[in-house]
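Colleague: Thanks for making time to go through this model with me. Could you walk me through it, one question at a time?

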Amino acid sequence: MYVPLGLVERKRQTRRGDDVSPEQGSLLYEETEITQRFEHEQFLEQVLRQGESPKSGGKRIAIIGEPGAGKTTLLQQIAQWVSEQIEGAIAIWVSLADLRGQELEAYLLERWLQAVARKLGQAEASRQVKDAFVAQFQQGRVWLLLDGVDEMQVPSGNPLAEIERQVRMGGLLSQARIVLSCRLNLWDGDRNALDTFDTYRTLEFSYPQQVEQFIGQWFRALPEGQGEQAERLCAALKAPGKERIRDLVKNPLRLTLLCFNRYLGEGTLPETKAGLYEQFVADFYEWKREHFSTTVKQQRQLNAALGELAREAIDREATRFRLRHEFVCEFLGEPDEPDSLFGLALRLGWLNKVGVEAENPRKGVYAFFHPTFQEYFAALGIDNWHFLLNHIPDNTDHVSTSYRVFDPQWKEVFLLWLGRNTLSTDSKRDLIQALVKFEDRRRSFYWEKAILLVAEGIAEFEHPTYTKKTVEQLVIWSFGYFDFDRNEWKNFLHPLAEEAKQALIKTNRCLAILEVIDFIQYCPEELYKRYRAIQLLGELGSGNSRVIEFLENLLENSQDKWTALQAAESLLKINSSHEKAVNILFLAFEREDIRLAEAAAKIIKGIEIKSLTFVPRLVDLVLNYKTKIEKNDCSSNREVVRVAPIAFAEIIDDENICGLAIQCLGSLGAGDNVIANALLDFLKQFDSRHIRCKIVESLGKIGTDSSSVVTTLIELLETSQEWQLSGEIVKSLGTITTKSSAVINALINSLYNYTHWANFRTATESLSKILVANPERNEEIIDIFSEILLKEKHPYITVPIFNCLGVIASGNQKAVHIIAEELSIAQSENTRYFIAKNLAKIDPKNENAISALEDLLNKSGELNWQGCIASVELGEILPSHQNALDYLLDAILHQKMPLQPRYINENFLRIGIIAQPDEVTSLTSFLDSSQGTQAMVRVVYELKKVFKNQERENDPEYLEIYYRVLWYCTQHLPYQHFYKAWMAM
């Protein structure tokens, strides 16, 4: 049984300081995170085999998740599946901790390949073997399975940015399919990480459905069949007061531990993570007793030694989860000594040999049974809370200071420490109080971090004074409060508000629910923040009868239609087939209010398990609107709206709402041939260009490799006289299949026969996706592009070509020559940027590309979007590029008007010239690529001056900009570095 995966889309950094009216309630649904859910087989087939992922066409995949969420297990299954199911594929497994600072390509050639050669009886890999190995990459046959990015040792301290940089540098990595795993906290801490990867998050099991299914399967798999025990455990979890443990065991590892614990002997359910691990450690010794009997004294000695080893490894070692032989011996002695704790740990399985040292292959490398157990033992090894936090405000460099609690690698240890039953209550209270009263002279950045830590900590240990106060503070930060002195609603800056909402999900669940419900009840009904609070209840309320009752009451009794719609969404998160909630969504469609219908459509697209409930009603809805449209004779006597040189027929609401229902079918029907066939039938029945475009778009979302779908779309493309419809067909062909020669040929024909430049661009984008899985046709496409560039010089045509070459032609010298020649004659700054950017992708060290990007920084005294994006590109090629950092700082510090994130509608005439960027994102992207902390320290030093400017101090628009950057820095800089930069004169 596998956890499902969710395609993650980064939440857009909005800066909505003001409230919105109920009529603008659809704005509520603009920010999403999980955009599509995949079951295990669906992920393997659609994403990995067919390459259906939005950014990389299945070529760059990141799997993120909590500790124990099954990332490594899933990666192992993917490696096995690739080897067995993908013809000619070569799956290479790499534990990234093994690199020990070495770049991945060098590791593969110098260590991995050599190890393979020795296994085959050769002293070393010959030149012929190396050439053959490189050839496998060039033919697109290599899959790299990279486990544990968070365990990777890098000089910058940012493993995600380092992986991204190495892939962008070309060479072997750019030619391989890559699937990597990473802990969620590392990914969460870096909003710009893995920008070219499609990110999939391991989702928790749902309660009660999947949790109870897992329990049943686990016990039934035992030789003696323990069905009754499974039922008793399920009943125990349903008991009142067990909300916290129910939430904990949605994690696969923790649920396994709970089942194992109950199998060995039924007792009371633990209340905390630490309690669960404590029970398992005791059970572990009992389980091993038959083969390796240990005394209570031995167990205590070993636990204590493992605690010291785990604590010091996290504190001192570059690769904290992969432990050198000599380092382990410091704490456990030599493994072959009499009464050796090292030997005992190996025999019991607390430690396992997982490799050898690069410098000395005779010495082993070891790992704990699971990284979460290392963190648990580390928590056991901390007796004094000052090890985690010892703050001396006037002398942060004092030898006895400690700010480990703020470092990401210590967060889980901190939580487990609070949950320990063997510690005194006073020690835990003292640490929580020290965090609550943390004296921060840096405009409260670290005090806010401290409160967010306390919020998670009180889920493990309730503090009599601060538990309720902390949750109340989270609600205030999340949704704001009414300032009676100014008679206005007070909101908090975006990064803090978002972090506080996430903390509400992780804190004491019962108390969080009570406080959020109170906020909703006393908040004005038309307030936008109230909608957000109702939305949060959907995240908090799984299995909670009070939440369900409250949301049902809102659904049935609210006079505000947006409130009812939001309550419906939250109920559907808790129960995806809630009848009344489903009815509200379809009522929104039937009211013929386009804003309500748009909101309802977004909700349906985001629901996890939905086909059986929604599909028949959506089909009926489409057919009903078909009748209405025909009755109103919508295809004639339309007013024509002219935008630029292009004319559009006015689209009436009936068509819009019908199109939304069709889009919902596309989102629900991934890989479903039945829905695909229904859409093909609609294609024959509708004459409306708008609706036909939506049908084709939905066929692309479904992604089924059905020959009838592919054939129908190619035939329609050949006969269509409407450029909008042709563009949608070309786009959908790029997502439906990755292995069809007919599709590639149809897209090539589109390059020659386009009726509008937008269709040419779309054809190049679709080819970029498909050619990832068909590299054997790259040379043909490069030759076609070369031929077109001889005739066409308009940027609407040339820029899409450069972008496509940047994706498919890494390391290809013919492509390098073509683009370099175009760079030498290009005059427009926009065009030169796109040429230089893609030349750098193909040939990262190309001097002409670097020089052209540098010219964009120096071309004029004005700050512009080309300079900002060029700075980011330069930062990825040359991480310490000083001029690029100067430019980005100037873009933020020296603007007279507040900076706004700037976007264009992705469906409206997208062209090669991009929308203006958000300068904050540009700066943080650059910092991701910079090596070391020097650049970040300088940014803190420069931006802190702004907070002394009284004019800007009171301007929330300016503060939002600087706060976003500084908040980013607090997530990546050790406290002392931030403190020095802030306090420097």
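Colleague: Happy to start with W350: which residues is W350 in contact with, leaving aside its neighbours within four places in sequence?

Modeller: Keep in mind that this is a predicted model. W350 is, with L332 and F589, one of the members that touch the most others in the largest nonpolar core, which has 263 residues. With the neighbours within four places in sequence set aside, the contacts of W350 are V281, F284, Y285, L302, L306, A345, A367, F368, F369, F373 and F377.

Colleague: And how many residues are in the other core that lies apart from it?

Modeller: In soluble globular proteins, nonpolar side chains tend to be buried together. Here a core separate from the largest one includes A125, L144, V167 and L173. Its count is 34 residues.

Colleague: Let's turn to sheets. Which strands are at the edges of the open sheet of seven strands?

Modeller: The order in that sheet is β2-β1-β7-β3-β6-β5-β4, and the pairing is mixed. From one strand to the next, the twist averages 25 degrees. An edge strand pairs on one side only, and that holds for β2 (34-38) and β4 (90-95).

Colleague: Within it, which residue is the bridge partner of G65 in β6?

Modeller: β3 spans residues 60-65 and β6 spans residues 177-183, and the two pair in the parallel sense over six bridges. The partner of G65 in β6 is R183.

Colleague: At about what angle does helix α3 run to β4?

Modeller: Helix α3 covers residues 104-119 and lies across two strands, β4 and β5 (142-147). Relative to β4, its direction is at about 105 degrees.

Colleague: What about the open sheet of three strands: why is one side of β8 and of β9 left without a neighbour?

Modeller: The order is β8-β10-β9, with antiparallel pairing. β8 (323-324) and strand β10 (residues 364-368) pair over two bridges, with R324 opposite V365. One side of β8 and of β9 (351-356) has no neighbour in the sheet because each stands at an edge with a single partner strand.

Colleague: Which helix packs on that sheet, touching β9 and β10?

Modeller: The helix in question makes about 95 degrees with the direction of β9. Its residues are 341-348, and its name is α14.

Colleague: Is Q374 buried or exposed?

Modeller: Q374 sits in helix α15 (residues 371-380). Beyond four places in sequence, Q374 is in contact with A310, A313, I314, R320, F321, L323 and F368. Its relative accessibility is 1%, and the cut-off for burial is under 20%, so Q374 counts as buried.

Colleague: How many of the 14 residues of α24 are buried?

Modeller: Helix α24 (residues 561-574) reaches 20 Å from its first C-alpha to its last, close to the 20 Å expected. The buried residues include W562, Q566, E569 and I574. The helix is largely enclosed by the rest of the structure because the buried count is twelve.

Colleague: Last one: how many disulfides does the count come to?

Modeller: A disulfide needs two cysteine sulfur atoms within 2.5 Å. For C234, the closest cysteine sulfur is in C259, 8.2 Å away, and therefore too far for a bond. C234 itself counts as buried, at 12% relative accessibility, and C658 does too, at 0%. The count of disulfides is zero.

How values were computed:
Residues are numbered from 1 along each chain as its sequence is written. This is a predicted model: local features need pLDDT of at least 70, side-chain atom pairs count only at pLDDT 80 or more; totals for chains, interfaces and linings use all residues. Side-chain values use heavy atoms; hydrogens and water are left out. A nonpolar core is a set of buried Ala, Val, Leu, Ile, Met, Phe, Trp, Tyr and Cys residues joined through side-chain atoms within 4.5 Å. Buried means under 20% relative accessible area, exposed over 50%, partly exposed in between (1.4 Å probe, protein chains only). Contact means heavy atoms within 4.5 Å. Two strands pair if DSSP finds at least two bridges between them. Helices (H or I, at least four residues) and strands (E, at least two) are DSSP runs, numbered from the N terminus. Axes are lines fitted to C-alpha atoms, for helices over the stretch in contact, and angles run from 0 to 180 degrees between N-to-C directions. The expected span of a helix is 1.5 Å times one less than its number of residues.
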